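Student: I should like a close look at a single part of this structure, with the part treated in its wider setting. Please give one connected account.

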Amino acid sequence: MLTTLAPDTGRSGKPRPVPVRRGNHFRKQTATNYLLIAPALLLSIVIVVIPGILTLLFAFTNWSGIGFNFDFVGIQNFQDIFADPVFATSLTNNIKWLVLFLVIPVIVGLLTAALLLRRKKMRTFYQVIFLMPYVLAPVVNALVWQTIIYNPNGGVFGLFGLQPPTSSQSTSLYAAAAVDMWHYWGFLTVVYLGAMRQTPVDQVEAASLDGAGGWGVFRHVYLPSIRPTLLLMGVMTVIFSFLAFDYVYLLTQGGPAHSSEVMGTYAYAFAFSSFEFGKAAAVGLIMSFFGLLASVLYTWISRRDLTR
Amino acid sequence: MKRKRLAITAVSIAAAIALTVSGCSAGGASGGKQKLELWFWGAPPAQQQTMQDVLVDGFNASQDKYELVVNFDNAVDKNIQVALSANKGPDIVYGSGPAFASAYAAQGKLADMTPYAEKYGWKDRILDSMYESGTVDGKLYSLPNSIEDIGVFYNTKVLATLGVGVPTNYDEFVDDMNKAAAAGLYSSVTGNQGWKPVNQNYVSLFMSQVAGGKTMYDALQGTIPWTDPSLVKAVQDSSDFYNAGYLGGKDYSTLNFDQSMKLLSQDKSPFFIGPSLAFQFASNYFNDATGNTADLGYMPFPTINKDLPTPYYTLGTTASLSINASSPNKDGAAAVIDYMMTDSFAKEMNKTWPGYWAVPLKNFDLNADDYTGLSKPFVTAIKDTIAGVNSGNYGYFVGTFFPPATAAALTDIDSVWLGNETAEQFLANVQKAFDDEKAKGLVPPLPVPTN
């Protein structure tokens, strides 16, 4: 059956139905629509909206995470968090994480995608290889790096007599970020390559005929063409960066001495070590705030592009 | 007609959902027996088998009313926390100690086990200090599955190579570590990779060994502040010890207990400083199959403060056992706990799983000569620890006896070791967390040390 999103007014050429019948039909159609979106809506309400509202509520309580006995403490949780130097370290680390992820995997991903664009025979093979760390579970990736690379006894660092970066306060964050970037850049490559392949061939050929070199074609044809993809992935990277947790937790647990703490691990410690869910919820709200900022920025830029 | 069909469909769906839900619900009967659940940490396969053979099969064969099932779970603490909060979870609640249990008891998530204690005579059977630690307002909410001490594992072969014997006091111990470092070995091996609370072992050790158990007890009662000079000295001494390289050297944050035991077995260090439960890791590398069982020894940590008795123990528990307040089979859960509080159970478990089952019995009637492999030194170590506990010569392990936020604050001891804050600043933070938890009544009852 052929379906289309275009309105069917006049398409069939049949006379318009009488108003009463149209009303019934409209109501039936609306009911069907609601029924179809009900599962997704229900899931969103149960999994996102209700926990979101509860998190907002608990951020202003001293809830321990056990049972439902709690008192409202106003903004005490936020005051405690802002007075805690570990929070400042966590926020700074999240910002460092963001900068790293907006630069290194993006550059590597773009370069690799540009190279793969010309390599038609082996392109699929390379994509599969590059995507492998992304499809592996974080715990597997972390274990591989911990035992083979960062291990002082038998690992690559141990072999060269170097101190593993996870053990130093000045390098522990970068050690965790390196593993996360290693797992992430292949995914970016595949996405960028997909976007580049959507670039109209005539534009590329026209630029080449006009004498543009490889860099010129990339800079003036491909880059503007994949701008929406770059923007979307950039926003997703901002959101992911403020939600960073798994690789830090698996590789350094936020240490040594909180040096690689990010807000995700900071909140986790409140929730599952200290039984201070109220504070964990407050940290969660702050994390969401940055994600929200990125989403608003993305929406604003997208709308501006549409109205240009 | 359409409506009828619709109604039949709706009823069928509802019936299917009801059947599914009832099938998934806990506490169901299995073959006429009531099902009992215990969630346990994700132990290695060989130890899971021991658990199955000794606990599950043993308990199930001992009676015909209940069917015990043990689920092994690497995230057991977190999952139990979530399940209990929702009034769900296993019948027997496995936790990280009395402090863990008291937090749940305060929220009504654990059942009062006092009637079962009277029925089974637990108070007469369990070490007084261990029994009391599981009570809240005079009611029993948890029992420890095992006691532990923080001591020193040593490799006799490496000590012989260094030309020294087993150290008999703290000065000799430090001398031996210096000799090991001079020989290009680790002074000692240990580390907190993958489990930051490992730090609690060493802050507990130094508070016990430098400030003493009575000072810790007074701080936990709130009669002296955590910034008391003796506690400040204990924290500072731990920092000096760490910075001298005596805790895994530069590799503290890249080693874990298992790797440390491996290094000890590979003659890379004469010592491993850690809890007695590390016997379970040791058995992977020191065993009769490799013929090096006799190379491993264990001793209490040499007393640092010369005013304290020798040996002096850092008393902890490996885990705690409680009954879920929402369990429909509390009697059955109590029967399982009672089964685990017997010397026959301890005897069987320790045959193949040394380190985790030092059941806190007043009469720990296990004879080291009946055991082979590492079970032999473990049984000896625990008998000595129990004698020390009965004499009151002990301090406290933070993870067992301290309320959760205070324990978490003490876990940050590496901030002092790495020079980010002073011992005074660190203990001032501990004081803040402790004041808040004391006001909430979260400090568990403590056995009083004599010295």
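**The low-confidence stretch of chain B and its setting**

Tutor: In this predicted model, residues 9-27 of chain B keep a pLDDT under 50 throughout, and the model gives this stretch five contacts beyond four places in sequence. Helix 1 of chain B, spanning residues 2-24, has a mean pLDDT of 47, the lowest among the elements of that chain. Where pLDDT is low, the predicted coordinates should not be read in detail. For chain B as a whole, the mean pLDDT is 90, with 93% of residues at 70 or more. The highest mean among the elements of chain B, 98, belongs to helix 12 (residues 229-243).

Chain A is assigned two domains, domain 1 covering 19-48 and domain 2 covering 76-307. Taken over C-alpha atoms, the centres of these two domains of chain A are 38 Å apart.

A residue in chain A may be examined individually. Lys279(A) belongs to helix 13 of chain A, which runs over residues 277-307. Lys279(A) counts as buried because its relative accessibility is 16%, under the 20% cut-off. Leaving aside residues up to four places away in sequence, Lys279(A) is in contact with Asn77(A), Asp80(A), Ile81(A) and Phe270(A).

Finally, the internal space: one cavity of 30 Å³ or more is counted, and the largest cavity holds about 160 Å³. The largest cavity is lined by 17 residues, of which Thr252(A), Gly255(A), Pro256(A), Asn192(B) and Ser253(B) are the closest to its centre. The lining of the largest cavity comprises seven nonpolar, eight polar and two charged residues.

How values were computed. Residues numbered from 1 in each chain as written. Chains lettered and ligands numbered in written order. Predicted model: local features only at pLDDT ≥ 70, side-chain atom pairs only at ≥ 80, totals over all residues. Heavy atoms only, no water. pLDDT = per-residue confidence, 0-100. Helix = DSSP H or I, 4+ residues; strand = E, 2+ residues; numbered from the N terminus. Contact = heavy atoms within 4.5 Å. Domains from an automatic or database assignment. 1 Å grid on protein atoms, 1.4 Å probe; cavity = no way out; pocket = protein on both sides within 12 Å on 5 of 7 lines; lining within 4 Å. Points joined across faces, edges and corners; volume = space filled by probe spheres on them. Nonpolar A, V, L, I, M, F, W, Y, C, P; charged D, E, K, R; others polar. Buried < 20%, exposed > 50% of the residue type's maximum accessible area, 1.4 Å probe, protein only.
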